Structures are given as structure tokens and as C-alpha cells.
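Student: Could we go through this model together? I would like to start with the sheets and then turn to the open and enclosed spaces.
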Amino acid sequence: MPRPVLLAVALVLVLVCWRQWAPVSYWYLFGFPCKAVWLRWSWRHVASGCGLTKKRNRWWFTTVPGLVSSTGVVRVKRRLQRVAVDTKPWMGLPRPTRHGFRVTFHLLDGQIPEDYAKVCDRLAHAWRIEAVRVVGSRPGRVTLQGINRDPLAHVIPAVAPVEPPDGWRAEDLLRPVVGVLETGAPWRMDFRLIPHWMNAGATQSGKSNLINALIVGLAPQPVALVGFDLKGGVELSPYTPRLTALATTRGECLDLLADLIGVMGARMLACRWLAVRDIWQLPDASRPIPVVVMVDEIAELFLTADKAEKDQVTRTATALLRIAQLGRAFGIHLVLSGQRIGSDLGPGVTALRAQIGGRVCHRVNDPETAVMTLGDLDPDALVAARSIPPELPGVAVVTGSDGRWYRARSGYVSTAVAEQVATAYAHLTPSWAQVATSGLGHDLAPASENPQIAA
């Protein structure tokens, strides 16, 4: 075999091994420079194919046929005139990221960022990459992120800490990291920005795993965790050491909701006396303990078997709706989970859904649940949610803090790991009396308490 051929084969083998064993360095040093050259070289054709070009008049020298001489030679004249040509958006220099690249475009007259969001799939195919997403915009500019390698394919499982860490950062309060976004960024469920979340998904879709990840993320923080588990407690009872209260029947749920509304009323009165709009304007020493309410199988709270249960369902829906409307300002947050969330459960679910800003939709069995969860956001989000394969549990379509939707995947957290974390931080579990009176005078505590539930 000739020497040049041997060198070429050796070079290909080196590149293949490099990409396999060190994909990050391969991308930064070899893959991205090649991709950047390809992006710049092909952008005019890609923009035209995706409908991102505009017709503009330009002065152009055109060739005009003239007279034919006696020798048969055609005499031509060049004339300067205005012609309509396709103008492509100006492309900035691509910038590499760990899983792809970012590039900023100057919008042409009449274009908006949504025009680029509509053709993200076309751009991904044209650029031969996994996906393209709009990740930022400002007047006259839009920034796209290309995802060269899907970060959701492999998510590192969470490991339970052997010993509690020395501390946690104050800026991470109520901002637990539960997984990774398709852009490679951490997936934070920011309760300070989006106070309430809806978590929908079929069996084995990763819905319960997200609850486990929340337990792991919130357990080290000075917050109270409250559980509603109408499966008889089989889902949330393993985390009892870190739960301030756990309700497992509809009657207990009603009593616990009444207590939460009492706590919310007391905090409301205290904020009024102190002339602040919410508890986050209070000093750290006098701020009440935030409460995160996790409801498993929300549909069980709204199902009725006879007329006797109709009154309970009405009271439950009213209580949840009041917490959803007023809870953010007073440190009470909801995480509503369920396999089936549809309008057939009653008007209470529809009204409650309108107050939930955070949406997480795993793989679902029926389209109505996906529409109920994501239908008011973006039609493309519905398509992405319905296309989640069963072999990728934990993958979901989520709403971001920027108002856009992303594919995300929660880190795998087994029940055993979450139980170890709950036990390790059991000493941080506040009692119900501490939740009711923290940061307030004892005379402001709610009159209604249920020691059996709080225990």
C-alpha cells in the first residue's frame, strides 16, 4: 500500500479514536473549526432554502445583447441598472460551546425572532446537527444555539451524599438543579421565578424520578416539604423523615389544605403589618420558612364516585386554587403531578391550570394531557412531547425562565438514593408549629392545626 494512503488511513483512525474517547476536545479543536467554515460557506444557500432571505433592489451591471456584426460576432454592452436580488441575514462569528455552537444573526427588515424559531428543524437538517434552538434575542438580533451532540442521551445518575455538606449557597434557595436541558445547561426548577409547577407523564415516563430529584435538591435547604399522596402513601412515605406533613386520604388532604391556607393568611397579615408586598422583602432572620407542596396523582383529588364526594372535591379545588393564586408572595409553592390531567376532571382543574406557570410534560398516553399541559404555549412543544420515545425515561418538554420551551431530562435518582438523602437531612425538617410561626408572632399562628397529620 502506498505511503500516502497509509498516512491517510492512520489519520482517519486517529480522528475516530479521538472523537470516541475525548469528544469535547475533539469538538473544540477539530470539529468546531470545520463546522464554522461550513456554516459561513453555505449560509446563503441555507437561508434561501429556509425562507430567511429578502428581495432587495441593488445596482448591478447587466449584460445587454447588442447588434450582430458582419463577421457573426455578437456585440454586448454592460449597463448599470437596479435589479432584485436575494439578501441573506448577516451572520456573526460562530462561538463554540460544549455541546455545539452559538451564532448571532442580524434580522432583516420585517423579520422577528419567531421567524427563526419556526425553521429551527430545517436549519438543523441543513447544518447536519442534532437540533437548533432560539436562545436569545434583542432588538434587531437573534441568537441561535446548534446542538451537535444530544446531552440528553446519557444523564449521570445522582449519588446520595455520605455526609451532609458544610452548607449551601443562599442564591440557590428554592432553585434546585434536577437535570440537564437540551442546550447542555443545568435544568433548574426555579420556584422564586416560577412559583408553581405541573408535572404530567405516563407510567415509567420519569415523572416520579423528577419528584426524587426534587427531594434530593431541596432536602439540604431550609424549606418545609409537604406531601399529598392518595396512593396510600406508597410514593412519598419513604421520605417521611424530611416531610413536615404527609396526607394520604382525601379527608387528611382537606385538613392539611385548610392549615396551609391558615398559614398563608397569617403571613399575609404579617406582611400587611410590616408594609411589605411579600415575604422575600423581609430580612433573612424574620422571613417565614418556605413551603413546597408536592401532590402525587392530582386526578385522585378531583375524581368523584357519588354526590357525597362532590362537596369534598369542590372544597379541595377551591383551596388549591387559592394557594396557586396567592401562595407565591407568602412562600407556598405547588408541584402537581399526575398521569392524566384533562378538562374532564372538572372546571377546577382548568382554573388551576391557568395559575400554574411551570409545565413539565413527559411521555403521555393521550393527546389531551399534552394539550392540557402545553397547549397554551406553542404547537411545536406538543409535537416534541408526543415524540418522546419510551426508551428515554426522564425526557420531558419544559418551560424555561425565558418563556420558551426546551427538551430536558432529569438526572436518574432511585428511591433508595432519595430516601438516603431524606434521612441524612432529617434534622433540617421543621415541625408544623415552626412552619406556622416562623418569622411571625405566636399570636399570628393559624388556629386550625391537625397534630395527627403534622406528625
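Tutor: The discussion below takes the sheets, a salt bridge, the pocket and the cavities in turn; please keep in mind that the model is predicted.

Student: Let us begin with the sheet of four strands. What is its strand order?

Tutor: The order is S3-S4-S6-S5, in an open sheet with antiparallel pairing. Strand S3 (95-97) and strand S5 (131-138) are the edge strands, each pairing on one side only. On average, neighbouring strands of this sheet are turned by 25 degrees against each other, direction ignored.

Student: How many bridges are there between S3 and S4?

Tutor: Three bridges join S3 to strand S4 (residues 100-106), in the antiparallel sense. Within this pairing, Pro96 has Phe101 in S4 as its bridge partner.

Student: And which helices pack there?

Tutor: Helix H2 (residues 23-49) lies across S3 and S4, and its direction runs at about 30 degrees to S4. Helix H4 (residues 120-127) also packs on the sheet, where it touches S4, S5 and strand S6 (141-147). The direction of H4 makes about 125 degrees with that of S5.

Student: Now the sheet of ten strands. Is its pairing parallel, antiparallel or mixed?

Tutor: The pairing is mixed, and the sheet is open, with the order S8-S7-S16-S15-S14-S9-S13-S12-S10-S11. Strand S8 (186-188) and strand S11 (243-247) stand at the edges with a single partner strand each, so one side of each has no neighbour in the sheet. From one strand to the next, the twist averages 25 degrees.

Student: What about S10 and S11: parallel or antiparallel?

Tutor: Strand S10 (residues 224-229) and S11 run parallel and are joined by four bridges. One residue pair to look at is Val226 with its bridge partner in S11, Ala245.

Student: Where does H9 sit?

Tutor: Helix H9 (residues 367-374) lies across strand S9 (197-200), strand S14 (358-361) and S15. Its direction is at about 155 degrees to S14.

Student: A change of topic: how many salt bridges does the structure hold?

Tutor: There are ten salt bridges in the structure. One of them joins the side chains of Asp86 and Lys55, at 3.1 Å from N to O.

Student: Why does that pair tie together parts that are apart in sequence?

Tutor: Asp86 belongs to strand S2 (residues 74-87) and Lys55 to strand S1 (residues 54-68), so the salt bridge ties together parts that are 31 residues apart in sequence.

Student: On to the open spaces. What volume does the largest pocket have?

Tutor: Its volume is about 880 Å³. The lining of the largest pocket comprises 30 residues, and those nearest its centre are Cys120, Asp121, Arg133, Asp380 and Trp405.

Student: Which elements supply that lining?

Tutor: At least two residues each come from helix H3 (113-117), H4, S5, helix H10 (379-386), strand S15 (395-399) and strand S16 (405-410). H4 gives the largest share, four residues. S5 and H4 belong to the picture of the sheet of four strands, whereas S15 and S16 are strands of the sheet of ten.

Student: How does the lining divide by residue type?

Tutor: The lining of the largest pocket has 15 nonpolar, four polar and eleven charged residues.

Student: And enclosed spaces: how many cavities of 30 Å³ or more are found?

Tutor: The search of the whole structure finds two. The largest cavity holds about 40 Å³ of space, and Met198, Ile298, Leu336, Ile341, Val349 and Leu352 line it. These residues are six nonpolar, with no polar and no charged ones.

Student: Which residues line the second largest cavity?

Tutor: Its lining consists of Gln204, Ser205, Arg363, Ile388, Pro389, Pro390, Leu392, Pro393 and Gly394. Five of these are nonpolar, three polar and one charged. The volume of the second largest cavity is about 30 Å³.

Terms used
Residues are numbered from 1 along each chain as its sequence is written. This is a predicted model: local features need pLDDT of at least 70, side-chain atom pairs count only at pLDDT 80 or more; totals for chains, interfaces and linings use all residues. Side-chain values use heavy atoms; hydrogens and water are left out. On a 1 Å grid over the protein atoms alone, a cavity is a set of points where a 1.4 Å probe fits but cannot get out, and a pocket is an open set with protein on both sides within 12 Å along at least five of seven lines; lining residues have an atom within 4 Å of a point. Grid points are joined across faces, edges and corners, and a volume is the space filled by probe spheres set on the points. Ala, Val, Leu, Ile, Met, Phe, Trp, Tyr, Cys and Pro count as nonpolar, Asp, Glu, Lys and Arg as charged, and the others, Gly among them, as polar. Two strands pair if DSSP finds at least two bridges between them. Axes are lines fitted to C-alpha atoms, for helices over the stretch in contact, and angles run from 0 to 180 degrees between N-to-C directions. Contact means heavy atoms within 4.5 Å. A salt bridge is a side-chain nitrogen of Lys or Arg within 4 Å of a carboxyl oxygen of Asp or Glu.
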